[in-house]
Number of protein chains: 2
Amino acid sequence: MEYQEAKDKFISTWGSLGTLWGINKAMAQIQALLFVSTKPLSMEDVMEDLKISRGNTSMNLRQLMDWGIVTKVLISGERKEFFTTEKDVQELARIIAKERSRREIKPVIKVLDEVSSIKDDGTEKTKELIKQTKALKDLTDDLDTLMNKLVNQKQNWLTKSVLKLMK
Amino acid sequence: MEYQEAKDKFISTWGSLGTLWGINKAMAQIQALLFVSTKPLSMEDVMEDLKISRGNTSMNLRQLMDWGIVTKVLISGERKEFFTTEKDVQELARIIAKERSRREIKPVIKVLDEVSSIKDDGTEKTKELIKQTKALKDLTDDLDTLMNKLVNQKQNWLTKSVLKLMK
DNA sequence: ATAAACTTTCAATAATTATTGAAAGTTTAA
DNA sequence: TTAAACTTTCAATAATTATTGAAAGTTTAT
């Protein structure tokens, strides 16, 4: 497999995986492109490489910046803006986990908490709703905490030690 | 908040969360409905409660069965089929983690592995592609392993001990 | 101040994904 | 064996989501 083929394969795979970590295709592809690029890219560069429109590029770069995954870099002597992504995978995972927790998991925990706190009127169906949503809330809470703790360690030692523990 | 309101809120929240665990809205809502129901439901019951068509119900129940989350139950004296979902959240998480790993994560790891194994032609961009996809592959591998190990413990002790370890 | 270089916005459109409903298929009771 | 009860399939349609491109907006150099 040649460089270009490998690169394209990486970008399209990472793009279609976007849903798995909660972002859209173009966003994931732009991030992937920046991730394997040796230097910051301009909007023009991204448009050309991925064959997407200027508007699309602009909007998705903005979103990536909102996530904190992509940053603008100023290149002296250049008028246009250039972009890079976080290059360290551990840090990338940390940012993504934190954002997904904040945007999606925390709000769900809140709803589960509200639902599981309704007044027990003594009927079987109410008891079941309370019991099951409570169980789901506790599990989601645990997994959210675990995920954040795991990924919050900037160093690698924790992941390694946990993996070892579980072998 | 009354029973019906709480139930609807749970179902719609869980439904819109579907994407987070990789299934569609109707599928997630059907699962949620069964999850808080005190007894198995027929296709008719599901259709009525969620106000979705027969075809939609049939197709999504089938998918939930493919995932191993929902099972048919035979009720003696009844001609039609009834359905229940796994009621234990730990077991539910185990099944979901296993399926997502198999369907989505494993194939991505395979591609990352292929891409990171291309011949190093000495150019900077090839070196970067190899380095970055390799790092991503290793991380994905670790997280996949961790997730499966964590969630594979049928008992609760592991999650608890890991949470304690990290406090 | 102005115009060129560049970026953002957003209504229109395209692409994708979900849903319907009715016909075809299957099972069971009599 | 047949017809009623029930389930599945799938082409058509609806709903949602992503993408475009051109006009409006902004910044910078002169």
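Which element gives the largest share of the surface near DNA strand C? It is α4(A), with 4 residues. The legends below take each strand in turn, then the two protein chains.

This is a predicted model, in which local features need pLDDT of at least 70, side-chain atom pairs count only at pLDDT 80 or more, and totals for chains, interfaces and linings use all residues. Residues are numbered from 1 along each chain as its sequence is written, chains are lettered from A and ligands numbered from 1 in the order in which they are written, and side-chain values use heavy atoms, with hydrogens and water left out.

**View 1. Protein residues around DNA strand C.** The strand is surrounded by 17 residues; a residue is near a molecule or strand if one of its heavy atoms lies within 4 Å of it. A:S58, A:R79, B:S53, B:N56 and B:R79 are the closest. The surface holds 5 nonpolar, 6 polar and 6 charged residues. Here Ala, Val, Leu, Ile, Met, Phe, Trp, Tyr, Cys and Pro count as nonpolar, Asp, Glu, Lys and Arg as charged, and the others, Gly among them, as polar. Of the strand C atoms within 4 Å of the protein, 57% belong to sugar or phosphate and the rest to bases.

**View 2. Contacts to bases and phosphate of DNA strand C.** A side-chain N or O atom of A:R79 is 3.4 Å from a base nitrogen. B:R79 places a polar side-chain atom 3.2 Å from a base oxygen. A backbone N or O atom of B:S53 lies 2.7 Å from a phosphate oxygen. Two elements give two or more residues to this surface: α4 (54-67) of chain A and α4 (54-67) of chain B. Helices (H or I, at least four residues) are DSSP runs, numbered from the N terminus.

**View 3. Phosphate contacts of DNA strand D.** Among its 17 surrounding residues, A:S53, A:N56, A:R79, B:S58 and B:R79 come nearest. A polar backbone atom of A:S53 is 2.7 Å from a phosphate oxygen. For B:S58, a polar side-chain atom lies 3.1 Å from a phosphate oxygen. A polar backbone atom of B:E81 is 3.2 Å from a phosphate oxygen. α4(B) gives the most to this surface, with 4 residues.

**View 4. Chains A and B superposed.** A rotation of 180 degrees with 0.0 Å of shift along its axis places chain B on chain A (RMSD 0.0 Å). That is the relation of a two-fold axis. The fit is by least squares on the C-alpha atoms of residues with pLDDT of at least 70 in both copies.

Methods: Polar contact = N/O pair within 3.5 Å; in protein donor to acceptor, adjacent residues only side chain to side chain.
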